[in-house]
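Visitor: Please give me a close look at one topic, salt bridges, and then place it in the chain around it. I am new to this, so plain steps would help.

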Amino acid sequence: MLSQLSPAIRQYLIVTGNYWAFTLTDGALRMLVVLHFHQLGYSALEVAMLFLFYEFFGIVTNLFGGWLGARWGLNRTMNIGLGIQIVALAMLLVPGSMLTVIWVMAAQALSGIAKDLNKMSAKSTIKLLVPDDKQGQLYKWVAILTGSKNTLKGVGFFLGGLLLTLMGFQGAVLAMAIVLAVVWTGSLIFLKKESGKAKFKPKFKDILSKSRPINILSGARFLLFGARDVWFVVALPVFLASQLNWNHWQVGCFLALWVIGYGFVQSVAPKFTKTGNDVPKTQTVVWNALLTLSPLALALALWQGLPVTQSIIIGLGLFGILFAINSSLHSYLIVSYSRADGVSLDVGFYYMANAAGRLMGTVLSGWVYQQWGLVACLMISTLLLLLSTAAISFLPEREQHRV
């Protein structure tokens, strides 16, 4: 069936399939680690610290990974990412007595490297498959890739909670490692060689962006994802488990359904935002501003003592819809503004900022929640989103920016 498709479509499907498989294991592993170590008695801050290296090495990987992708080709960086994830999963198969904080942090560091190599390669490859005058098609393909990835990440959350209940921590990790090894083998065979290799030989200094639009988008992305993770990554699941007495299955299922819905909205975001062949900057500013209001509204509802469960379900749903549209817009814009030759350099720099925002949000999520609770996390999220809206307002229209 694949042989009957055009080369561009065929490569898009292979890249997307790789991204899907990786994301499924990544989402499941995150939920496994959060719930398993919370069950062992770790505090919210201690659970957050388990992901410290995951996020930190994501920053490093996106910088160096974009450079390596331009020099070696994106197929190689994608396959390296899949291989590293298998190693990270294998590290967690040691006896329970060896699962110390440092060991798990090291495994998470490898997982962070793998995840960002995979994501940078996938997003960069899409740029090379779509002509520059087909911005509508580019937006749709990026939205589908990003949205489907997050839908599967939600399935991964659900899967993580389910596998932890049915198979235990190590049984779940082993099952995921086996499946990912099969996908990796297929990728090594079928993924096109030399895709994304730059015609010029990028120097090491080229890892830092000199483009004003890329820097603006990167700053906005840093704030956007810091605003999400400051309350979603650690604070929310711990709040649901400790304050509302939800069990693993309930927490995993609820967060999974949220991320699945969030991914679906991302996939159809062009239907809400698309006008003409480009997305005007004003649309991005408006959607960013609307998103800023959602954590503020939830914080006020909790502060006023409204029913907690209902407030969180409604508030998280509203936040998810608005965040999905913003994330899809931002993902399209970085691919659109990136140069075609050496695209992975721009995309890698951008996702370095993304990883830095997640790192900040993850650490703050554990620390702020432990000190002041969920409402404080939501207020910090509101402030970060306000700053993100201000940053994106300085982005020039694409018509004024020739890549």
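Guide: A salt bridge is counted where a side-chain nitrogen of Lys or Arg lies within 4 Å of a carboxyl oxygen of Asp or Glu. The model you are looking at is predicted. By that rule, the structure holds three salt bridges.

Start with D116, which takes part in two of the pairs described here. One partner is K115, and the closest N and O atoms of K115 and D116 are 3.6 Å apart. The other partner is R358, whose side chain meets that of D116 at 3.5 Å, N to O. The pair of R358 and D116 links distant parts of the chain, with their positions 242 residues apart. D116 sits in helix α5, residues 101-129, while R358 sits in helix α13, residues 343-372. Taken together, K115, D116 and R358 are linked in a network of salt bridges.

Are these three residues buried or exposed? The cut-off needed here is that buried means under 20% relative accessible area. D116 has a relative accessible area of 1%, so D116 is buried. R358 comes out at 5% relative accessibility, so R358 counts as buried too. K115 has 10% relative accessibility and therefore also counts as buried.

The remaining pair is R228 with D229. Their closest N and O atoms are 2.7 Å apart. D229 has a relative accessible area of 1% and is therefore buried. R228 has a relative accessible area of 8%, so R228 is buried as well.

Now for the chain around these pairs. The chain has 403 residues, and 59% of them count as buried. Its secondary structure comes to 14 helices and zero strands. Read along the sequence, the pattern is therefore α-α-α-α-α-α-α-α-α-α-α-α-α-α.

Further along the sequence from R228 and D229 comes helix α8, residues 235-242. Which residues of α8 are buried? They are A235, L236, P237, V238, F239, L240 and A241. Seven of the eight residues of α8 are buried, so this helix is largely enclosed by the rest of the structure.

The loop between α8 and α9 (248-267) contains N245. N245 has a relative accessible area of 62%; the cut-off for exposed is over 50%, so N245 is exposed. N245 also has a phi near 60 degrees, a positive value in a residue other than glycine.

The next step is how helices lie against one another. Two packed helices are described by the angle between their axes and the distance between the axes. An angle over 145 degrees counts as roughly antiparallel.

Take α8 first, with helix α12, residues 308-337. The axes of α8 and α12 come within 12 Å and cross at roughly 155 degrees. That angle makes α8 roughly antiparallel to α12. The crossing of α8 and α12 is left-handed.

Helix α12 also meets α11. The axes of α11 and α12 come within 9 Å and cross at roughly 160 degrees. These two helices are therefore roughly antiparallel to each other. α11 passes α12 in a left-handed crossing. Sorted by class, the contact of α11 with α12 has 16 nonpolar, eight polar and no charged residues.

Helix α11, residues 281-303, has a further partner in helix α14, residues 374-392. The axes of α11 and α14 come within 9 Å and cross at roughly 165 degrees. That makes α11 roughly antiparallel to α14. α11 passes α14 in a left-handed crossing. By class, the contact of α11 with α14 has 16 nonpolar, seven polar and one charged residues.

One residue of α11 can be followed down to its side chain: T292. T292 has 8% relative accessibility, so T292 counts as buried. The side chain of T292 makes a polar contact with the side chain of T389, at 3.5 Å.

To return to the starting point, the network of salt bridges links K115, D116 and R358, while R228 and D229 form a pair of their own.

Notes. Residues are numbered from 1 along each chain as its sequence is written. This is a predicted model: local features need pLDDT of at least 70, side-chain atom pairs count only at pLDDT 80 or more; totals for chains, interfaces and linings use all residues. Side-chain values use heavy atoms; hydrogens and water are left out. Buried means under 20% relative accessible area, exposed over 50%, partly exposed in between (1.4 Å probe, protein chains only). Helices (H or I, at least four residues) and strands (E, at least two) are DSSP runs, numbered from the N terminus. Axes are lines fitted to C-alpha atoms, for helices over the stretch in contact, and angles run from 0 to 180 degrees between N-to-C directions. Angles under 35 degrees count as roughly parallel, over 145 as roughly antiparallel, 65 to 115 as roughly perpendicular and the rest as oblique. A crossing is left-handed if the near helix is turned anticlockwise from the far one by less than a right angle, and right-handed if clockwise. Ala, Val, Leu, Ile, Met, Phe, Trp, Tyr, Cys and Pro count as nonpolar, Asp, Glu, Lys and Arg as charged, and the others, Gly among them, as polar. A polar contact is a pair of N or O atoms within 3.5 Å; within protein, one must be able to donate a hydrogen and the other to accept it, and residues adjacent in sequence count only if both atoms are side-chain atoms.
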